[in-house]
Structure formats: structure tokens, C-alpha cells
Amino acid sequence: MAIAKSSPTRSGSAAAESLGFDPAIHRKLLAGVESGLLHDLHIVLAARSERVFLEHYAEGNDQEWGRPLGHVTFDAGTLMICAR
């Protein structure tokens with residue numbers, strides 16, 4: 001799984017902090033992915049009080065209920081199948 005091409009922004013860090021989260025939360029998420037502790041994450045979206053403060057998109061091999069879909073680059077427009 002490749003690391004996301006996005007990077008934290010000042011507004012994202014400020015938003016996280018204003019909502020009670022560590023402003024370095026995006027950097028810490030990336031450190032977890034890079035270390036292998038968090039693997040196979042396609043998309044991480046975190047919000048509180050209807051305010052999104054963290055978005056993380058990656059790319060890698062995907063599958064739908066065991067059926068390989070190949071290499072997918074995930075972004076805000078990628079359809080995710082969460083339930084069958």
C-alpha cells in the first residue's frame with residue numbers, strides 16, 4: 001500500500017486542535033502507516049461535530065468480498081463498498 005499523496009495543512013491541524021485533538025494527528029497517522037503498524041488502510045476520514053479534520057487517501061491492491069479489483073488509487077470520489 002502506498003502512502004497517501006496528501007499532506008496535513010495548517011487549517012487541518014488547527015481544526016483538529018480546535019476540536020480537542022492533537023494537531024499532529026495526521027503526521028502520527030502517516031507514521032503508523034509508514035511503520036507498518038497500520039496497514040491496508042485505503043481511506044481514513046475523521047470528523048467531530050460535522051467538521052472534517054482529517055482526510056487520508058492511499059493507493060494499493062483492493063478487493064470486493066474476495067474478488068480482486070487490482071491496483072486502486074483512492075480519493076474522495078472512490079466508491080467504497082462497505083456492506084453487502
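Glu64 is partly exposed, with 26% of relative accessible area, and in this predicted model its side chain meets that of Arg67 in a salt bridge, with 2.6 Å from N to O. Arg67, for its part, is also classed as partly exposed, at a relative accessibility of 46%. The two residues belong to a pair of strands: strand 3 covers residues 59–64 and strand 4 covers residues 67–73, and the two run antiparallel to each other over 6 bridges. Between these strands lies a hairpin turn of 2 residues, in which Trp65 adopts a positive phi near 50°. Elsewhere in the pairing, Glu59 has Thr73 of strand 4 as its bridge partner.

Strand 4 also contains Gly70, which counts as partly exposed at a relative accessibility of 31%. If residues up to four places away in sequence are set aside, Gly70 touches Gly60, Asn61 and Asp62. For Gly60 the separation from Gly70 is 10 residues in sequence, while the C-alpha atoms of the two glycines are 7.9 Å apart in space.

Asp62 leads on to another part of the chain, since its side chain makes a polar contact of 3.1 Å with the side chain of His42. His42 is located in the loop that joins helix 2 to strand 1, and with a relative accessibility of 14% His42 is counted as buried.

Strand 1, which spans residues 43–48, pairs with strand 2 in the antiparallel sense, and this pairing comprises 6 bridges. One of the residues involved is Val44, whose bridge partner in strand 2 is His56. Strands 1 and 2 are joined as a hairpin with 2 residues between them, and in that turn Ser49 has a positive phi of about 55°.

The next element to consider is helix 2, whose buried residues are His26, Leu29, Leu30, Gly32 and Val33. Viewed down the helix axis, these residues fall within an arc of 155°, and they therefore line one face of helix 2. The cover over the buried residues of this helix includes strand 1 and strand 2, whereas on the other side of the helix Arg27, Glu34 and Ser35 are exposed. Just after helix 2, Gly36 takes a positive phi of about 95°.

Helix 2 spans residues 25–35 and helix 1 residues 10–18, and the loop between them holds Phe21. The structure contains 1 aromatic pair. That pair consists of Phe21 and Phe53, which are stacked, with 4.4 Å from centre to centre and an angle of 25° between the planes. Because Phe21 lies in the loop between the helices and Phe53 in strand 2 (residues 51–57), the pair ties together parts of the chain that are 32 residues apart in sequence. The two rings belong to residues of unlike accessibility class: Phe21 is partly exposed, at a relative accessible area of 24%, while Phe53 is buried, at 8%. The cut-off that matters here is 20% relative accessible area, under which a residue counts as buried.

A further side-chain link involves Lys28 and Asp22, which meet in a salt bridge of 2.5 Å from N to O. Lys28 has a relative accessible area of 44% and is partly exposed, and Asp22 is likewise partly exposed, with a relative accessible area of 34%. The structure holds 2 salt bridges, among them the contact between Arg67 and Glu64 described at the outset.

The arrangement of the whole chain can now be set out. Its secondary structure amounts to 2 helices and 4 strands, and from the N terminus on the elements follow the order α-α-β-β-β-β. The chain has 84 residues, of which 29% count as buried. Among the contacts in the chain with a separation of 6 or more, 42% are accounted for by residues 24 or more positions apart.

Methods
Residues numbered from 1 in each chain as written. Predicted model: local features only at pLDDT ≥ 70, side-chain atom pairs only at ≥ 80, totals over all residues. Heavy atoms only, no water. Phe/Tyr/Trp six-rings, centres within 6.5 Å; stacked < 30°, edge-to-face > 60°. Buried < 20%, exposed > 50% of the residue type's maximum accessible area, 1.4 Å probe, protein only. Pairing = 2+ DSSP bridges. Arc of directions from axis to C-beta. Contact = heavy atoms within 4.5 Å. Salt bridge = Lys/Arg side-chain N within 4 Å of Asp/Glu carboxyl O. Polar contact = N/O pair within 3.5 Å; in protein donor to acceptor, adjacent residues only side chain to side chain.
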